[in-house]
Amino acid sequence: MFDRLDELLFAPGADGRPDEGVAALVDESALGHIENVRSIQERLVRARTDDQRATAVLEAVPNPSYLVRRSETVIAANAMAHARQDRMPATLRDLLADPGILRRVREYMASADTGRLLAVAGHADPLSRTQTSVLVKRVENGFQDASEEPVYLLSIVDFGFDETAVELFRSAYGLTHAEARVAVLLASGLRLPDVAAERGVSVDTVRTQIKLIKNKTSVRDIPALVRLLCGFSAGVLGPASRPAEPVVAQAGPAPVKARRQIVLRDGRRLQYVEQGAADGAPVLMLHNLPYGAELPEAAIRQAHRDGLRILAPFRPGFAGSDKVAAASDDDLIDRVAGDMRDLLGQLGIARAVVVSHSTSAPFALRFARLHPEHVTRLLAVGRAPIWRDEWLKSTPQRQRFMLRMARNLPQMLPIVSWAMVSVMETAFARDFVVYNCRDSEADVLAMRRNPEIADLIARTSVEALRNGVEAFSRETCITLLDFSQEARSTAHRFQILHGRDDAIVHPSQSLAFADVVPGTTVELVDGAGQLLFLSHWQEVFDAIRRRQGVAPQAAA
C-alpha cells in the first residue's frame, strides 16, 4: 500500500512535475476524504486510550471495583467486579442498594473536596472482624471525554484485617501491638465500650490508646483513623507520585529496567524508562521516532557493568507522557527542554551526559542551549541536527516517502502512520520492520544476527504510539528543519557516532554538520547502519565512558 501511494503521489508524470507540486494536484474532495479519515482515527484512538487507562486503573485494585462518572454512569469494572455479580450495574443506584451509602457517595461526588478518600462503612461483623465498606476516590488519569466529566474509582471492600495487614500497619506508623488491635476493632465497627470489653480494659484506657494512635498517625478523629486503616488495607492510599505501573527493579547488584512517571510543573505526566545501574553516572537518552527508549537486554546488562544510569523520557504525546499544546515547532522543542530539566530536578541530578538517538538531535541541542548547566556533554547517535533539501533525493524510498509527505502533504502523514502502527500490531510486525530497512545491508544483517532488535522496534513503536500518531507526525516534520546555526551558538558541541555503512541517513550528513559547526567531532563505526544504537551499543557506551575518563568494562 505504501509503495502504491508513493507511486501515485510522488512519481513524476508525463509533464515531469516535481515532488513539490503534489499538494496542488490533490483536489478538494480528496482533502475532504483525508479529513474524514483523520477524524475517525482520532475517535478510535480516544476510545482505545480510555479503555487502556480504565483497565490499568481497575486491575491495579485488589477488590471488586468500578469506574463511575459524576453523572452516575458506570463505565467500566474489573474482573473481580464481574465475578461478584451476574449482571453489571448501569448506574450508581444499581450498584449501591443501601440508601444511606448511596447518599454519602453522591454528596462526595458533588463536592469540590474530592482529593480525599471517602470510606463508608457498611455491614459490620465483630465476630469475624470483617466489614463490607465502600471506598471512593477521584481518578486523575485524564480520561478523554468531550464533557470533561470527572471519573471516580469505587471499590467494594470486604475488610478482613489479617495478622499480616495488621503488622504492616503497626510497623508503618510505629504503633504498639495493643494500639494496632484497638485501631482494627474500631475499623471493624465496634463502639468504645465494645472495644474495651474485647480488650479486657477500661473505656478510659481505650480513650488513652486512641489519643496515642491519633498522634502517631496524624489523624484528627476516629472516622479519619478508620479511613486511614481501610485505605491502607485496600492499597489505594499510595504516594501521589507513585510509578505509573509496577516497577521492575531487582534487589542487589542486578541491572534495573523500569518504567516510571513524574508529574511536571504544569501538571502533565512524563513517563520515562530507567535502565542500567541504579546508582550509576546519569545519562539522559532521547528516543528516536517512534522507538528507541528501550535497549536490548544485553545492552542493559552492559550499561549496568559500565556504571551507567540511562534515563529515557518519552516526549509529549508518546507512550505515557501527556500531550502538550505547543503553538509552533520551536515552542514544542522549548517545552521538551523544560520537561528534561524538570525530570533531572525531581531525580536530584545536577548534570548528565545527553545522548540523542537519531531524530531526537534537535531536542538534545535545545536542552543544551537553554540549560547548559545541566549538561556534561552532548553525544548524537546516527544523525546530526541538520537538513538540506538536496538530501531527499538520495534517501531510500520508504524513508523518502514519509519525508515527502511531511514536506508536501502533511494531512496524509497521520493516516499513513496509523497504517504503519496497525501493521506492527499484527504477526507481520517483524517483517514490516525488516522491509523498511531493506536498503541498508548493515541493518538487515544486524537484525538477522539479533532477532530481538526487530521485535523490540515493533513492540516499543506500538507502545509509544498507543495514544495516537499526532506527536509522531509533528516530529517527522521537525526532521526537515536545519538547526546547524543554533548549534554554532550553543556552548556544548556534539560528539557524533555514525554508522559507516548507514544507507538511510548517509554519514556525509553528519560530516556536513561538522563542517559548519566548528568543534564537532564525528566517529564512524565500522559495520553499523542506522540501527547503530541497537546493534553496536557497546561503542556508544564506550564513547560515553571515554570522555568521562573511565576505562570501559569488558562485555560478558
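In this predicted model, Q530 sits in the loop that links strand 13 (521-525) to helix 23 (532-535). Although a loop residue, Q530 has a relative accessibility of 9% and therefore counts as buried, the cut-off being under 20%. Two polar contacts involve the side chain of Q530. One, of 2.6 Å, is made with the side chain of D502, and another, of 2.7 Å, with the side chain of S358. Leaving aside residues up to four places away in sequence, the residues touched by Q530 are S358, G382, D443, D502, I504 and V505. D443 appears again below, as one of the buried residues of helix 18 (residues 441-449).

The strand that precedes this loop, strand 13, leads on to the sheet. Eight strands make up an open sheet of mixed pairing, and their order is 6-7-9-8-10-11-12-13. At its edges stand strand 6 (256-263) and strand 13; each has a single partner strand, so one side of each is left without a neighbour in the sheet. On average, and with direction ignored, neighbouring strands are turned by 25° against each other. As a reminder for readers new to such sheets, strands pair through backbone hydrogen bonds, either parallel or antiparallel.

Two of the pairings can be followed along the sheet by eye. Strand 8 and strand 10 (residues 352-357) run parallel and are joined by four bridges. Within this pairing, L286 has S356 of strand 10 as its bridge partner. On from there, strand 10 also pairs with strand 11, again in the parallel sense, over six bridges. Here H357 stands opposite V381 of strand 11. Strand 11 (residues 375-381) is mostly covered, with six of its seven residues buried.

Two helix pairs illustrate how helices meet in this model. A pair of packed helices is described by the angle between the two axes and the distance between them. For helix 17 (residues 429-436) and helix 19 (residues 452-464), the axes come within 9 Å and cross at roughly 105°. Helix 17 is therefore roughly perpendicular to helix 19, a term that covers angles from 65 to 115 degrees. On the side of helix 17 the contact involves A429, R430, V433 and V434, which meet A454, D455, I457 and A458 of helix 19. Sorted by type, the residues of this contact comprise six nonpolar and two charged, with no polar ones.

Helix 18 also belongs in this part of the picture. Its buried residues are A442, D443, V444, A446 and M447. These buried residues pack against helix 17 and helix 19, and against helix 23 as well. Helix 23 is the helix that follows the loop of Q530, and D443 is among the residues that Q530 touches.

The other pair consists of helix 15 (residues 397-408) and helix 20 (residues 470-478), whose axes come within 9 Å and cross at roughly 90°. Helix 15 and helix 20 are therefore roughly perpendicular to each other. Helix 15 contributes M402, L403 and A406 to the contact, while helix 20 contributes F472, T476 and C477. Five of the residues in this contact are nonpolar and one is polar, and none is charged.

Some backbone details in the loops are also worth finding in the structure. The peptide bond joining L289 and P290 is cis, with an omega of about -15°. P290 is placed in the loop between strand 8 (281-286) and helix 12 (297-305). Two residues other than glycine have a positive phi: for E72 the value is near 80°, and for A319 it is about 50°. E72 is found in the loop between strand 1 (65-69) and strand 2 (74-77). A319 lies in the loop between strand 9 (308-313) and helix 13 (329-346). With a relative accessibility of 0%, A319 counts as buried.

Taken as a whole, the protein has 24 helices and 13 strands. Of its 556 residues, 53% count as buried. Among contacts with a separation of 6 or more, 68% are made by residues 24 or more positions apart.

Key. Residues numbered from 1 in each chain as written. Predicted model: local features only at pLDDT ≥ 70, side-chain atom pairs only at ≥ 80, totals over all residues. Heavy atoms only, no water. Buried < 20%, exposed > 50% of the residue type's maximum accessible area, 1.4 Å probe, protein only. Polar contact = N/O pair within 3.5 Å; in protein donor to acceptor, adjacent residues only side chain to side chain. Contact = heavy atoms within 4.5 Å. Pairing = 2+ DSSP bridges. Axes fitted to C-alpha atoms, helices over the stretch in contact; angles between N-to-C directions. Parallel < 35°, antiparallel > 145°, perpendicular 65-115°, else oblique. Nonpolar A, V, L, I, M, F, W, Y, C, P; charged D, E, K, R; others polar.
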